[in-house]
Amino acid sequence: MKKYWHVIGIGIQNNLTYRVNYLTRTLFSFIPLFAMLSLWRTIYGGQGAAIAGYTLAQMISYYLLVAVVDVLTAVNEDDWQIAADIREGNISQFLLKPVDYLWFRLGLFFSGRIAFTVVALVPLAIFIACFGRYFVLPVNGIACLAFLVSLVLTALLQFFISYAMAMLAFWVLEVSTFIFILFAFEYIASGHMFPLDVLPPALKHALFFTPFPYQMYFPVSLYMGKIAGADLWQGMLVQAGWVVLAYVFARFMWNRGIRHYGAFGG
Amino acid sequence: MNRKSKVESREQAGPGAGTLAARPSTLVRYGGIYGTLWKTSVTREMSFKGNFILWIVVELLWFAMQLCFIGVLYLHTNSIGTWTQWQVVLLVGASSFIQQTYQAFFLTNCVNVSELVRTGKMDFLLMLPINTRFLISLRQVDLGAFVNATFAIAVMFYAAAKLNLHPTAVQFLGFLALCAVGILIHYSLMFMLAAISFWTVRAQGIVWGYYNLFNIARMPDEAFRGVFKVVFTFVLPVLLVSNVPTRVLADKLQSPVLWLVLLGMGAVCALVSEWFWRISVRRYTSAST
């Protein structure tokens with residue numbers, strides 16, 4: 001276990017060398033975010049009433065929270081790096097050493113998130129402060145606690161799904177197209193683009209049979225109290241279930257891939 | 001006329017004409033070079049056919065997603081400012097058409113600039129006896145983007161039919177001309193972003209920055225106010241590139257001021273980008289030596 005803590009430590013140091021890159025990324029991401037907020041403000045300006053159960057303040061808070069959850073849990077370059085490791089034969093050394101590649105990558109993923117959060121914290125806080133009068137606080141202590149636990153599960157879910165996707169590199173040379181196709185679905189179906197409540201109810205209901213809402217919409221809804229009571233506990237269980245399933249699937253893909261692996265250039 | 005007489009007749013015309021014929025005009029020469037670049041690009045793309053098709057699917061999926069977003073928005077409102085649903089679809093179509101056409105000619109090349117600087121391959125390109133900016137801007141053609149541009153046109157036709165638009169020839173040509181200016185702005189801004197790599201060497205966030213920046217080009221301009229609108233109209237004119245052409249096509253242009261601003265900003269962007277390129281390339285220190 002101790003060795004994986006070292007991985008996190010080294011990962012943080014490595015990632016902090018990209019701090020300027022992270023900072024520009026964060027700053028550039030404010031442009032579409034601000035544009036989205038302006039778009040919704042214009043739409044609300046026309047009618048004033050709540051849309052799909054969201055007041056203007058709640059809608060703006062939703063997008064700000066999406067930005068926060070994204071900084072804390074999104075997979076950044078991990079999937080590309082894993083695919084490159086497989087393609088270039090770098091994983092051969094992990095087959096020989098007593099280090100498990102999945103835990104190793106998970107350590108690097110967490111260190112990447114920590115480094116990114118440290119860099120993005122100040123600009124994001126300033127951005128949110130600019131919208132301070134719209135930003136709603138968690139409805140109660142339980143919501144806040146559930147949000148924090150769900151954040152960890154979200155991060156794990158994001159990572160395991162990306163890890164499993166990157167395993168495609170065992171079979172195909174170029175995985176980026178597959179990653180982008182999945183990302184497109186995640187972007188719209190996870191609630192990144194808009195809260196899923198604005199969808200027709202049947203469609204929203206159908207989406208909850210997929211893991212996508214648990215990658216973004218679910219933790220944000222916990223924070224905002226949109227999901228509470230019995231639904232909260234049930235949702236958390238389902239989310240944990242998806243995490244376990246994604247983990248098993250990631251392991252399965254690795255085991256299948258290794259059998260196919262040729263160790264070129266390792 | 002046989003071969004010999006051809007040579008003789010050239011000699012008779014004097015030395016001036018001779019050199020002219022021996023060295024074809026700049027335009028013909030660059031045209032020939034560009035033709036060769038196209039040929040190699042086609043060969044390259046066709047050697048990864050599966051990948052070529054998958055990239056088209058990726059782009060189409062993201063385009064479809066934007067249209068879904070518009071569809072969802074208009075479930076809850078009738079207009080954004082004065083923009084109706086099909087006008088916004090027209091806008092998203094125009095925006096995609098401009099972006100894909102730009103992508104077909106320039107995007108890959110702009111992205112590759114930082115790699116050329118980092119590895120020192122720029123040496124080789126700087127030494128060639130042609131305009132370096134021409135070469136690094138147009139080396140590769142992204143053929144898939146043309147396919148996606150056609151889908152954007154199809155969506156625009158559908159939206160125009162829904163809006164019952166019958167653009168006049170002037171409107172149509174004006175639209176195309178303004179799209180060209182839009183492409184010029186895309187290219188100029190992106191090339192400036194790419195030229196930053198002469199300063200920082202590692203400039204990985206460039207594509208990411210570009211997509212975030214032009215993300216707002218497909219949003220109706222009336223959604224914005226204040227400083228944001230001023231900055232993205234007069235400093236980084238992304239709010240003009242697709243909004244103005246769409247307004248021309250959809251009869252939404254109240255005064256000619258808008259397209260004049262777009263033309264002016266296009267010229268300014270092109271000039272600033274050329275100036276920035278010149279001072280950037282002066283900073284180039286070859287990585288290999």
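Let me begin with E45(B), which has its place in helix α3 of chain B, the helix that runs over residues 26–46. Please keep in mind throughout that what we are looking at is a predicted model. Is E45(B) buried, exposed or something in between? With 17 other C-beta atoms within 10 Å, E45(B) comes out as partly exposed, because a residue needs 20 or more such neighbours to be called buried and 12 or fewer to be called exposed. If we set aside residues up to four places away in sequence, E45(B) touches F52(B) and L143(B). As for P256(B), that residue is 211 residues away from E45(B) in sequence, and the two C-alpha atoms are 42 Å apart in space.

Staying with chain B for a moment, let me describe the chain as a whole. Chain B has 15 helices and zero strands, and of its 289 residues 34% count as buried. If we take the contacts in chain B with a separation of 6 or more, 79% of them are between residues 24 or more positions apart.

Now I would like to turn to the place where the two chains meet. How many residues of chain B are in contact with chain A? There are 31 of them, and they are in contact with 28 residues of chain A. On the chain B side, the elements that give two or more residues are α4, residues 49–76, and α11, residues 206–214, and the largest share, 14 residues, comes from α4(B). Sorted by class, this side of chain B has 20 nonpolar, 10 polar and one charged residues.

A residue worth pointing to here is G205(B), which is found in the loop between α10, residues 197–200, and α11 of chain B. Once its neighbours within four places in sequence are left aside, G205(B) is in contact with N21(A), T24(A) and R25(A). G205(B) has 22 C-beta neighbours inside 10 Å and therefore counts as buried. Between G205(B) and R247(B) there are 32 Å in space, C-alpha to C-alpha, and the two are 42 residues apart in sequence.

Next, the nonpolar core. The largest one has 122 residues, and the members that touch the most other members are L157(A), F160(A), V220(A) and M190(B). Which element gives the most to this core? That is helix α5 of chain B, residues 85–119, with 16 residues. Apart from this core lies another, of seven residues, which include Y22(A), F116(A), V119(A) and A120(A). Returning to V220(A), and again leaving aside neighbours within four places in sequence, we find this residue in contact with Y62(A), L65(A), V66(A), V69(A) and G191(A).

Let me now move to the helices of chain A, and to two pairs that share α7(A). In the first pair, the axes of helix α4, residues 78–87, and helix α7, residues 141–166, come within 9 Å and cross at roughly 30°. The two helices are therefore roughly parallel to each other, and their crossing is right-handed. On the α4(A) side we have D78(A), D79(A), I82(A) and A83(A), and these meet S162(A), Y163(A), M165(A) and A166(A) in α7(A). By class, the residues of this contact divide into five nonpolar, one polar and two charged.

In the second pair, helix α6 of chain A, residues 101–130, packs with α7(A) at an angle of about 130°, the axes being 11 Å apart. That angle makes α6(A) oblique to α7(A), and the crossing is again described as right-handed. Here L102(A), R105(A), L106(A), F109(A) and R113(A) in α6(A) meet A155(A), F159(A) and Y163(A) in α7(A), and this contact has six nonpolar, no polar and two charged residues.

I will finish with the backbone. Most residues other than glycine have a negative phi. Which way does phi go in A52(A), positive or negative? Phi of A52(A) is positive, near 50°, and this residue lies in the loop between α2, residues 19–47, and α3, residues 56–73, of chain A. A52(A) is partly exposed, with 17 other C-beta atoms within 10 Å. In chain B, N164(B) also has a positive phi, of about 60°, although this residue is not a glycine. N164(B) has its place in the loop between α8, residues 143–162, and α9, residues 169–195, of chain B, and with 7 C-beta neighbours inside 10 Å it counts as exposed.

Note on methods. Residues are numbered from 1 along each chain as its sequence is written. Chains are lettered from A and ligands numbered from 1 in the order in which they are written. This is a predicted model: local features need pLDDT of at least 70, side-chain atom pairs count only at pLDDT 80 or more; totals for chains, interfaces and linings use all residues. A nonpolar core is a set of buried Ala, Val, Leu, Ile, Met, Phe, Trp, Tyr and Cys residues joined through C-beta atoms within 7 Å. Helices (H or I, at least four residues) and strands (E, at least two) are DSSP runs, numbered from the N terminus. Two residues are in contact if their C-beta atoms, placed from the backbone, lie within 7 Å. Axes are lines fitted to C-alpha atoms, for helices over the stretch in contact, and angles run from 0 to 180 degrees between N-to-C directions. Angles under 35 degrees count as roughly parallel, over 145 as roughly antiparallel, 65 to 115 as roughly perpendicular and the rest as oblique. A crossing is left-handed if the near helix is turned anticlockwise from the far one by less than a right angle, and right-handed if clockwise. Ala, Val, Leu, Ile, Met, Phe, Trp, Tyr, Cys and Pro count as nonpolar, Asp, Glu, Lys and Arg as charged, and the others, Gly among them, as polar.
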